[in-house]
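This report goes through the fold, the helix packing, the salt bridges and the backbone of one protein model.

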Amino acid sequence: MSGTSNSSHGRVSGTLIQIGTLNGSLLAGETGGEAPREVRLVPATTSVFQNRTAELARLDSWAEAAANGGSRLWNIVAPLGLGATALALTWINRNRHLFGDAQIVMDCGGGLGEGRGRGIEEVCDRYFRRIELETEGRAAGSLTDKIELFRSLTEGRSVVLLLDDAQSAAQVRPFLSNLPGLLTIATSRHPLPGLADARPRRLTLGPMPDDAVAAMFTDILESADRAGTEPDAMAELIRLCAGIPLIAGHAAGLLYDRPELTVAELVERMAERGRLAALEDGHEDDMVRPSSVFDVSYAELSPHAADAYRALGLHPTRDFDAWLAGALFPDDPGRGEAALRELVRRGLVRADPAGRYLMDDLTYEHAGILARRLSAAEERERVRRRIADYYLHGAVAADTAMSQRWRLGPLYGSPSPCPLPDFAAARNRPEGGARRQGDPPAPGEWVAENLAAIMACMERSGRVWDGGRPEPGYNWQMGEATNAYFTANGRTDERATLLAWAEEDARACGHPDALARIRVQQGEMLLGADRVDAAEERFLAALAAAETGTEPRGQAAALEWLGITERRRGRAREALVYFDRSWPLLDPERKRSHALHHMHRADAFAVLGERDRALECYAAALACFREHARTAGRDNANEGKVLVGQAELLAAERPREARTLFEEALDLFRAAKRPYQEAKALEALGDLAADDGAAGAEYWRAALAVYERILNADAAARVRAKLDGGEGAH
């Protein structure tokens, strides 16, 4: 089997292949000028080394350059499982002739220091113990003495020093030397800053190409007469391995060791249970389980960081924000924040410039395995409840910041049990201003970034999960809390799924007012997609539910939307009947409700061609909105809709005035951070300027960019058609 090697123990004189974290230090090969010492290698796991030809060649070229005065510090960067240690060890052993005095490998990961790795003194002490050095009688009491002693042991010799899994530049600096004989290689999970003056060379290790993974399987399985069988399943297995040597090596080994296991069965296990969990089969020895490489990192975490790590394995997605960490420790959110910082320092979690955090997929799988293995069912359920609560309270806060509509639900106005982003501060961020690390997201950004996790929590809440029971009320409250986001951004597919769960939940809870609210949202969504008959059915169902409830505003909302539906059909007289029925049910203290009522009546009169009455109602709507603004803040979005209605009435006869109104509406939609309405205003301005060629196309292109950003495919296609026709016509 070309390119394949097995575990090594005791005295070693041949090639060593290692994937994962070394437990301890070793001296690879012989030391010059002294009696040979036993080589000690206790790998967490061993696997194959396959087809890193390009990377090995690059290291060869660096070695040649180093011999001629080039950099003698190399940093090989890769997440756990990609084989950075294996690459370094393979290169060292292939080039032992360049380092005849010593090839030294030291484990730098873990230890104390809140994620900063083993201290320099510990690294030195471990090395002295490994070479059985007597320090008695030597000046080796202080850290400086120990560093000097280490240097004296390597000075003037041809030595390669591998600092494996380095956590910081502070671990590397003491072992750098200007002496021509010493080459220092540091592997790390992320680039090590603070070493620029040492002119380091950096190699970022990526996944293996699929053909290399395929060659690995062929090498290992051909002797078992299994190479070339099940080609379709093998192609899927290669895809699941994702170029990760740790996964590919263990998958190949499992197939080799268990001839009764088909490739298709292994693929099914990996897809259902996760790759690491599926490959645990057949590994009763903890030292050779594929997850053991991650166990080493976990064992070195502080208790709070270990708790957070397991908790993140129960989070429904690999990405999350900083506020979630505080929610995991509701009694002391600062512990969660400190734990997250430690996980980032240890390379188990990565941060992006906008403040989101991400676990690599294998790390995420491992965290989930440990949660199931080490945390009791009651603790897992508590963590899932905290995660779900964070997203529900966050959605309620985001909805409150995004809209001034009336709301239904027990959490509005109630304090959150965990810290949440400061959405008010985020809304004051300058338009187009970059979001920096630590800045809170805008409310719409927060929902968009967390929507996958929100929907996963909803799906989980509606079924039995790991000993827990369905959580009544969670889904309909989330449906209510995401209303403003979906109204502003579309995303019909996700909204339809979410509202179906919410309706089922409201029905199961026997809550007619909640059922009415959700059905109104469903109808609004369908109406936005021009499915008028289906929308009417939802609004009628909402009215029926509201009539058995206790909230008259629910009836008013259903009647208003039935009126809007009739107006869309062109039956404005019928629409006005519905609006008249809704008027007595409106809250007399809410001027915003009155403003919306006048706006809808104006829209109906516009359909009837009664322009003066429509403009009169629009004026009444604006007056109510301004009265509302004096006590509750300006409703930019709906004021913008009124201006759009006025502009549409004036467009044919007074296009300049209409353009001014559209532009004012555009500013209001942008202030409200309503990208869908912003795009519609831009599209309307393009339509108004269509005869102007370039000006119309400019507005349409701007509208298209917004529609594409909010993933509204239908609207984007409509504007593309206008651009194709308009640009072709001019």
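The protein chain contains 32 helices and nine strands. The model is a predicted one. Of the 730 residues in the protein chain, 55% are buried. Among contacts between residues at least 6 apart in sequence, those joining residues at least 24 apart account for 68%. The exposed area of the protein chain is about 31,000 Å², and 50% of that area comes from carbon and sulfur atoms.

**Helix packing**

Three helix pairs are described here, with the geometry in the table and the contacting residues in the text.

| Helix pair | Axis distance | Angle |
|---|---|---|
| α18 and α19 | 9 Å | about 155 degrees |
| α23 and α24 | within 8 Å | roughly 160 degrees |
| α22 and α24 | within 10 Å | roughly 15 degrees |

Helix α18 covers residues 443–461 and helix α19 covers residues 474–481. Their axes pack at an angle of about 155 degrees, and because angles over 145 degrees count as roughly antiparallel, α18 and α19 are placed in that class. The crossing of α18 past α19 is left-handed. On the α18 side the residues that meet α19 are Ile 454, Cys 457, Met 458 and Ser 461. Their counterparts in α19 are Tyr 474, Asn 475 and Met 478.

Helix α24 (residues 552–569) takes part in the other two pairings, of which one is with helix α23 (residues 532–547). The axes of α23 and α24 cross at roughly 160 degrees, which makes α23 roughly antiparallel to α24. The contact draws on residues of α23 including Val 532, Phe 539, Leu 540, Leu 543 and Ala 546. From α24, the residues in this contact include Gly 554, Ala 558, Leu 559, Trp 561 and Leu 562. Charged residues also belong to the contact, among them Asp 533, Glu 536 and Glu 547 of α23 and Glu 566 and Arg 569 of α24. The handedness of the α23 and α24 crossing is left.

The other partner of α24 is helix α22 (residues 512–528), with axes that cross at roughly 15 degrees. Angles under 35 degrees count as roughly parallel, and α22 is therefore roughly parallel to α24. Val 520, Glu 524 and Leu 527 of α22 make this contact with Ala 558, Trp 561, Ile 564, Thr 565 and Arg 568 of α24. The crossing of α22 and α24 is left-handed. Ala 558, Trp 561 and Thr 565 of α24 appear in the contact with α23 and also in the contact with α22.

**Salt bridges**

Side chains of opposite charge can pair when their charged atoms come close. The structure holds 38 salt bridges, and three of them are taken up here along with one network.

Which residue forms a salt bridge with Glu 566? The partner is Arg 571, with 2.8 Å between the closest N and O atoms. Glu 566 is buried at a relative accessible area of 5%, whereas Arg 571 is partly exposed at 37%. Elsewhere, Asp 399, Arg 405, Arg 407, Glu 480 and Arg 517 are joined into one network by salt bridges that share partners.

Asp 389 and Arg 385 form another salt bridge through their side chains, at 2.5 Å from N to O. Both residues belong to helix α16 (residues 377–402), where a spacing of four residues separates them by about one helical turn. Asp 389 is partly exposed, with 25% relative accessible area, and Arg 385 is partly exposed as well, with 27%.

The side chains of Glu 551 and Arg 553 also meet in a salt bridge, with an N to O distance of 3.0 Å. Is Glu 551 buried or exposed? Glu 551 has 15% relative accessibility, and since buried means under 20%, this residue counts as buried. Arg 553, at 22%, counts as partly exposed.

**Backbone**

Most residues other than glycine have a negative phi. Arg 199 has a positive phi, near 50 degrees. This residue lies in the loop between β5 (182–188) and β6 (201–204). With 53% relative accessibility, Arg 199 counts as exposed.

Ala 242 is not a glycine either, and its phi is positive at about 55 degrees. Ala 242 sits in the loop between α7 (231–241) and α8 (245–257). Its relative accessibility of 34% puts Ala 242 in the partly exposed class.

Technical notes: Residues are numbered from 1 along each chain as its sequence is written. This is a predicted model: local features need pLDDT of at least 70, side-chain atom pairs count only at pLDDT 80 or more; totals for chains, interfaces and linings use all residues. Side-chain values use heavy atoms; hydrogens and water are left out. Buried means under 20% relative accessible area, exposed over 50%, partly exposed in between (1.4 Å probe, protein chains only). Contact means heavy atoms within 4.5 Å. Accessible areas come from the Shrake-Rupley method with a 1.4 Å probe; for residues, only the protein chains shown count as cover. A salt bridge is a side-chain nitrogen of Lys or Arg within 4 Å of a carboxyl oxygen of Asp or Glu. Axes are lines fitted to C-alpha atoms, for helices over the stretch in contact, and angles run from 0 to 180 degrees between N-to-C directions. Angles under 35 degrees count as roughly parallel, over 145 as roughly antiparallel, 65 to 115 as roughly perpendicular and the rest as oblique. A crossing is left-handed if the near helix is turned anticlockwise from the far one by less than a right angle, and right-handed if clockwise.
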